[in-house]
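Please open the structure in your viewer and keep the selection panel at hand. This tour proposes a series of selections and states what is to be found at each one.

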Amino acid sequence: MRPTATPRGAAVPAERHAAGRRLTRRFFDRPVLEVAPELLGCIVARTSPEGTVSVRLTEVEAYDGENDPGSHAFRGATPRNEVMFGPSGHIYVYFTYGMHWCMNVVCGPPGQASAVLLRAGEVVAGEQLAQARRPSARSPRELARGPARLTSALGVDRADNGADALDPRSPLRLLPGIAVAPDQVRTGPRVGVAGAGASTPWRFWLDGEPTVSAYRPAIPRRRGGATSGRL
DNA sequence: AAAACGATACACT
DNA sequence: GTGTATCGTTTTT
(Lines give C-alpha, C1' and ligand atoms only; values in the text may rest on other atoms or scores of the structure.)
Protein backbone atom coordinates (compact mmCIF):
# COMPACT_ATOMS: atom_id res chain seq x y z
CA MET A 1 0.00 0.00 0.00
CA ARG A 2 2.29 2.73 -1.20
CA PRO A 3 1.05 6.28 -0.84
CA THR A 4 1.06 6.61 -4.62
CA ALA A 5 -1.47 3.80 -4.79
CA THR A 6 -3.91 5.58 -2.52
CA PRO A 7 -7.14 5.62 -4.53
CA ARG A 8 -9.00 8.79 -5.16
CA GLY A 9 -11.60 9.57 -2.56
CA ALA A 10 -10.01 7.45 0.15
CA ALA A 11 -9.82 10.37 2.53
CA VAL A 12 -12.91 12.54 2.59
CA PRO A 13 -12.59 15.72 4.63
CA ALA A 14 -15.37 15.81 7.17
CA GLU A 15 -16.40 19.32 6.21
CA ARG A 16 -17.06 18.17 2.65
CA HIS A 17 -18.90 15.01 3.53
CA ALA A 18 -22.57 14.92 2.63
CA ALA A 19 -23.58 13.20 5.86
CA GLY A 20 -24.50 15.85 8.36
CA ARG A 21 -24.96 18.51 5.69
CA ARG A 22 -27.79 19.67 3.53
CA LEU A 23 -28.21 17.70 0.31
CA THR A 24 -28.72 19.91 -2.72
CA ARG A 25 -28.87 19.38 -6.45
CA ARG A 26 -25.53 21.13 -6.65
CA PHE A 27 -23.98 18.57 -4.37
CA PHE A 28 -24.78 15.90 -6.96
CA ASP A 29 -23.72 17.97 -9.97
CA ARG A 30 -20.08 17.04 -9.50
CA PRO A 31 -17.81 14.19 -10.64
CA VAL A 32 -19.30 10.94 -9.44
CA LEU A 33 -16.01 9.87 -7.85
CA GLU A 34 -16.30 12.85 -5.53
CA VAL A 35 -19.95 12.36 -4.73
CA ALA A 36 -19.94 8.61 -4.11
CA PRO A 37 -17.73 8.43 -0.98
CA GLU A 38 -19.47 11.47 0.47
CA LEU A 39 -22.81 9.68 0.41
CA LEU A 40 -21.65 7.14 2.99
CA GLY A 41 -23.54 7.69 6.21
CA CYS A 42 -26.46 9.38 4.48
CA ILE A 43 -29.99 8.08 4.92
CA VAL A 44 -32.25 6.73 2.20
CA ALA A 45 -35.87 6.58 3.36
CA ARG A 46 -38.98 5.24 1.65
CA THR A 47 -42.53 5.74 2.78
CA SER A 48 -45.45 3.60 1.67
CA PRO A 49 -48.89 2.85 3.12
CA GLU A 50 -47.18 0.13 5.15
CA GLY A 51 -44.82 2.60 6.82
CA THR A 52 -41.35 4.04 6.46
CA VAL A 53 -38.04 2.21 6.25
CA SER A 54 -34.80 4.16 6.60
CA VAL A 55 -31.33 2.87 5.73
CA ARG A 56 -27.96 4.40 6.61
CA LEU A 57 -25.64 3.88 3.64
CA THR A 58 -22.49 1.88 4.32
CA GLU A 59 -21.45 0.84 0.80
CA VAL A 60 -21.77 2.49 -2.64
CA GLU A 61 -20.25 2.25 -6.11
CA ALA A 62 -19.61 4.96 -8.72
CA TYR A 63 -20.50 4.51 -12.39
CA ASP A 64 -19.13 7.16 -14.71
CA GLY A 65 -21.72 7.41 -17.45
CA GLU A 66 -20.71 6.97 -21.06
CA ASN A 67 -16.99 6.96 -20.21
CA ASP A 68 -17.27 3.87 -18.08
CA PRO A 69 -17.43 0.38 -19.65
CA GLY A 70 -19.05 -0.94 -16.47
CA SER A 71 -21.88 1.59 -16.62
CA HIS A 72 -25.32 0.92 -18.03
CA ALA A 73 -24.92 4.22 -19.88
CA PHE A 74 -21.75 3.14 -21.69
CA ARG A 75 -23.59 2.44 -24.96
CA GLY A 76 -25.81 5.47 -24.79
CA ALA A 77 -29.39 6.04 -23.72
CA THR A 78 -31.95 3.22 -23.80
CA PRO A 79 -35.45 2.95 -22.33
CA ARG A 80 -33.94 1.26 -19.28
CA ASN A 81 -31.23 3.80 -18.47
CA GLU A 82 -32.86 7.05 -19.61
CA VAL A 83 -33.18 8.34 -16.04
CA MET A 84 -29.36 8.31 -15.81
CA PHE A 85 -29.29 10.98 -18.53
CA GLY A 86 -31.67 13.24 -16.64
CA PRO A 87 -31.10 15.60 -13.70
CA SER A 88 -29.09 14.57 -10.65
CA GLY A 89 -30.66 13.57 -7.38
CA HIS A 90 -33.17 11.35 -9.14
CA ILE A 91 -33.28 7.59 -8.64
CA TYR A 92 -32.41 5.12 -11.39
CA VAL A 93 -33.95 1.71 -10.65
CA TYR A 94 -33.14 -1.31 -12.80
CA PHE A 95 -34.16 -4.95 -12.84
CA THR A 96 -31.46 -7.60 -12.97
CA TYR A 97 -30.88 -11.35 -12.94
CA GLY A 98 -34.53 -11.89 -13.63
CA MET A 99 -35.68 -11.07 -10.11
CA HIS A 100 -33.85 -8.25 -8.36
CA TRP A 101 -34.15 -4.46 -8.27
CA CYS A 102 -31.17 -2.19 -7.72
CA MET A 103 -31.15 1.56 -7.17
CA ASN A 104 -28.77 4.40 -8.07
CA VAL A 105 -28.64 8.12 -7.40
CA VAL A 106 -28.01 10.07 -10.60
CA CYS A 107 -25.06 12.47 -10.52
CA GLY A 108 -23.90 15.28 -12.74
CA PRO A 109 -25.90 17.66 -14.90
CA PRO A 110 -28.38 16.28 -17.50
CA GLY A 111 -26.54 14.37 -20.22
CA GLN A 112 -23.72 13.22 -17.95
CA ALA A 113 -25.39 9.87 -17.06
CA SER A 114 -23.19 9.05 -14.09
CA ALA A 115 -24.72 7.46 -11.02
CA VAL A 116 -23.97 5.94 -7.62
CA LEU A 117 -25.22 2.41 -6.96
CA LEU A 118 -26.45 2.02 -3.38
CA ARG A 119 -24.97 -1.35 -2.41
CA ALA A 120 -25.66 -1.75 1.30
CA GLY A 121 -26.74 -0.07 4.48
CA GLU A 122 -27.95 -0.41 8.01
CA VAL A 123 -31.70 -0.28 8.65
CA VAL A 124 -32.13 2.50 11.21
CA ALA A 125 -35.93 2.82 11.14
CA GLY A 126 -38.80 0.54 10.20
CA GLU A 127 -36.91 -2.62 11.07
CA GLN A 128 -40.07 -4.61 11.53
CA LEU A 129 -41.38 -3.70 8.07
CA ALA A 130 -37.98 -4.39 6.51
CA GLN A 131 -37.89 -7.82 8.13
CA ALA A 132 -41.38 -8.58 6.84
CA ARG A 133 -40.18 -7.73 3.32
CA ARG A 134 -36.99 -9.77 3.77
CA PRO A 135 -38.11 -12.95 5.55
CA SER A 136 -34.89 -14.75 4.67
CA ALA A 137 -32.79 -12.23 6.62
CA ARG A 138 -31.62 -14.01 9.76
CA SER A 139 -30.28 -10.94 11.52
CA PRO A 140 -30.78 -7.16 11.29
CA ARG A 141 -27.45 -6.75 9.52
CA GLU A 142 -28.69 -8.85 6.61
CA LEU A 143 -31.76 -6.70 5.97
CA ALA A 144 -30.01 -4.34 3.53
CA ARG A 145 -26.64 -6.08 3.04
CA GLY A 146 -26.40 -6.07 -0.74
CA PRO A 147 -27.88 -3.88 -3.50
CA ALA A 148 -30.97 -5.99 -4.19
CA ARG A 149 -31.52 -6.66 -0.50
CA LEU A 150 -31.42 -2.92 0.14
CA THR A 151 -34.17 -2.22 -2.39
CA SER A 152 -36.18 -5.15 -1.10
CA ALA A 153 -36.01 -3.89 2.49
CA LEU A 154 -37.10 -0.44 1.34
CA GLY A 155 -39.81 -1.82 -0.94
CA VAL A 156 -38.26 -0.16 -4.02
CA ASP A 157 -39.25 -1.40 -7.45
CA ARG A 158 -39.91 -0.14 -10.99
CA ALA A 159 -42.46 2.38 -9.71
CA ASP A 160 -39.65 4.29 -7.97
CA ASN A 161 -37.64 4.72 -11.16
CA GLY A 162 -37.12 8.44 -11.76
CA ALA A 163 -38.16 9.51 -8.26
CA ASP A 164 -36.69 12.82 -7.10
CA ALA A 165 -34.85 11.91 -3.92
CA LEU A 166 -34.29 15.58 -3.07
CA ASP A 167 -38.00 16.41 -2.98
CA PRO A 168 -39.18 16.22 0.66
CA ARG A 169 -42.61 15.07 -0.55
CA SER A 170 -41.14 12.18 -2.51
CA PRO A 171 -41.88 8.69 -1.17
CA LEU A 172 -38.20 7.91 -1.72
CA ARG A 173 -35.82 10.44 -0.20
CA LEU A 174 -32.13 10.97 0.48
CA LEU A 175 -31.34 12.64 3.80
CA PRO A 176 -28.08 13.89 5.33
CA GLY A 177 -27.83 11.55 8.30
CA ILE A 178 -24.93 11.82 10.73
CA ALA A 179 -21.43 12.68 9.53
CA VAL A 180 -18.98 9.79 9.47
CA ALA A 181 -15.34 9.93 10.52
CA PRO A 182 -13.34 10.59 7.34
CA ASP A 183 -10.82 7.87 8.14
CA GLN A 184 -13.60 5.28 8.13
CA VAL A 185 -14.02 5.48 4.35
CA ARG A 186 -12.41 2.61 2.43
CA THR A 187 -12.19 2.08 -1.31
CA GLY A 188 -11.56 -0.75 -3.73
CA PRO A 189 -12.68 -2.36 -7.02
CA ARG A 190 -16.35 -2.65 -7.86
CA VAL A 191 -18.22 -5.86 -7.27
CA GLY A 192 -19.24 -8.08 -10.17
CA VAL A 193 -17.98 -5.71 -12.87
CA ALA A 194 -15.68 -7.30 -15.44
CA GLY A 195 -13.76 -5.87 -18.36
CA ALA A 196 -12.07 -2.49 -18.70
CA GLY A 197 -12.26 -0.41 -15.56
CA ALA A 198 -12.75 -3.49 -13.42
CA SER A 199 -9.70 -2.68 -11.32
CA THR A 200 -10.54 0.99 -10.82
CA PRO A 201 -11.34 1.63 -7.15
CA TRP A 202 -14.85 2.93 -7.60
CA ARG A 203 -16.39 1.11 -4.65
CA PHE A 204 -16.57 2.89 -1.30
CA TRP A 205 -17.58 1.57 2.09
CA LEU A 206 -17.36 2.31 5.81
CA ASP A 207 -14.69 0.33 7.59
CA GLY A 208 -15.84 -2.25 10.09
CA GLU A 209 -19.51 -2.11 9.15
CA PRO A 210 -21.16 -5.54 9.36
CA THR A 211 -23.68 -4.50 6.69
CA VAL A 212 -21.09 -4.22 3.91
CA SER A 213 -21.67 -6.95 1.36
CA ALA A 214 -19.02 -9.57 0.79
CA TYR A 215 -16.69 -9.05 -2.13
CA ARG A 216 -17.43 -11.23 -5.14
CA PRO A 217 -15.03 -11.22 -8.10
CA ALA A 218 -16.45 -10.61 -11.57
CA ILE A 219 -15.93 -14.13 -12.89
CA PRO A 220 -18.46 -15.31 -15.48
CA ARG A 221 -20.51 -18.23 -14.25
CA ARG A 222 -19.37 -21.46 -15.84
CA ARG A 223 -22.00 -23.15 -17.92
CA GLY A 224 -22.09 -26.92 -17.64
CA GLY A 225 -23.58 -29.51 -20.00
CA ALA A 226 -22.86 -30.57 -23.56
CA THR A 227 -24.81 -27.70 -25.13
CA SER A 228 -22.29 -25.14 -23.98
CA GLY A 229 -19.77 -26.66 -26.39
CA ARG A 230 -16.96 -24.93 -24.55
CA LEU A 231 -14.38 -25.81 -22.02
C1' DA B 1 -24.74 -15.20 -23.74
C1' DA B 2 -23.83 -12.39 -20.05
C1' DA B 3 -25.38 -9.50 -16.51
C1' DA B 4 -23.93 -3.62 -11.14
C1' DC B 5 -27.53 -10.61 -7.39
C1' DG B 6 -29.36 -13.64 -3.68
C1' DA B 7 -30.93 -18.09 -1.68
C1' DT B 8 -29.65 -22.49 -0.90
C1' DA B 9 -26.84 -26.66 -0.52
C1' DC B 10 -22.95 -28.37 0.80
C1' DA B 11 -17.93 -28.62 2.74
C1' DC B 12 -15.28 -27.51 6.30
C1' DT B 13 -13.91 -25.45 11.19
C1' DG C 1 -20.07 -21.16 13.14
C1' DT C 2 -17.84 -19.65 8.03
C1' DG C 3 -16.70 -20.16 2.99
C1' DT C 4 -17.70 -21.50 -1.75
C1' DA C 5 -20.27 -23.24 -5.68
C1' DT C 6 -24.63 -23.68 -8.15
C1' DC C 7 -28.73 -22.08 -10.11
C1' DG C 8 -33.17 -19.16 -10.72
C1' DT C 9 -35.02 -15.80 -13.95
C1' DT C 10 -35.48 -11.52 -17.33
C1' DT C 11 -33.36 -7.83 -19.97
C1' DT C 12 -30.18 -6.37 -22.98
C1' DT C 13 -26.71 -6.99 -26.46
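**First stop: strand S1 and its partners**

Select Ile43 together with Leu175, its bridge partner in strand S6. The model on the screen is a predicted one. Now extend the selection to the whole of S1 and to residues 172-175, which make up S6: four bridges join these two strands, and they run antiparallel.

Next, add residues 51-63, which form strand S2. S1 and S2 also pair in the antiparallel sense, over six bridges. Select Ser48 and Gly51 to see one such link, as Gly51 in S2 is the bridge partner of Ser48. The two strands form a hairpin, with two residues between them.

Before leaving, colour residues 43-48 by burial. Why may S1 be described as largely enclosed by the rest of the structure? Five of its six residues are buried, so the description is justified.

**Second stop: the hairpin of S3 and S4**

Select residues 91-96, strand S3. Five of the six residues of S3 are buried, so this strand is largely enclosed by the rest of the structure. Then add strand S4, residues 100-107. S3 and S4 pair in the antiparallel sense over six bridges. For one example, select Phe95 and its bridge partner in S4, Trp101. S3 and S4 form a hairpin with three residues between the strands, and in it Tyr97 takes a positive phi near 50 degrees.

**Third stop: the loop at Gly111**

Move on to Gly111, which is placed in the loop between S4 and strand S5 (114-125). Is this residue buried or partly exposed? Gly111 has a relative accessible area of 41% and is partly exposed. Display Glu66 and Phe85 as well: Gly111 touches both, when residues up to four places away in sequence are not counted. For a distance across the model, select Glu38, which is 73 residues from Gly111 along the chain; the C-alpha atoms of the two are separated by 22 Å.

**Fourth stop: DNA strand B**

Select DNA strand B and the residues around it. It is surrounded by 20 residues, and the closest are Asn104, Arg134, Ser136, Ala148 and Arg149. Which elements each supply at least two residues of the surface near DNA strand B? They are S4, S5 and helix H4 (147-154). The largest share, three residues, comes from H4.

Three individual contacts merit a closer view:

- Ala148: a backbone N or O atom lies 2.8 Å from a phosphate oxygen of DNA strand B.
- Tyr94: a polar side-chain atom lies 2.9 Å from a base nitrogen of DNA strand B.
- Tyr63: an N or O atom in the side chain is 3.4 Å from a sugar or linking oxygen of DNA strand B.

Now colour the atoms of DNA strand B that lie within 4 Å of the protein. Of these, 51% belong to sugar or phosphate, and the rest belong to bases.

**Last stop: aromatic rings**

Rings of Phe, Tyr and Trp are paired here when their centres lie within 6.5 Å. By this rule there are three aromatic pairs. Select Phe27 and Phe28: their ring centres are 5.0 Å apart and their planes stand at 85 degrees, so the pair is edge-to-face. Both residues are buried. Add Arg30, whose charged end sits over the ring of Phe27, 4.7 Å from its centre. Finally, select Arg203 and Trp205: Arg203 lies over the face of Trp205, at 4.4 Å from the ring centre.

Terms used
Residues numbered from 1 in each chain as written. Chains lettered and ligands numbered in written order. Predicted model: local features only at pLDDT ≥ 70, side-chain atom pairs only at ≥ 80, totals over all residues. Heavy atoms only, no water. Phe/Tyr/Trp six-rings, centres within 6.5 Å; stacked < 30°, edge-to-face > 60°. Buried < 20%, exposed > 50% of the residue type's maximum accessible area, 1.4 Å probe, protein only. Lys NZ or Arg CZ within 6 Å of the ring centre and 35° of its normal. Contact = heavy atoms within 4.5 Å. Pairing = 2+ DSSP bridges. Near = heavy atom within 4 Å. Polar contact = N/O pair within 3.5 Å; in protein donor to acceptor, adjacent residues only side chain to side chain.
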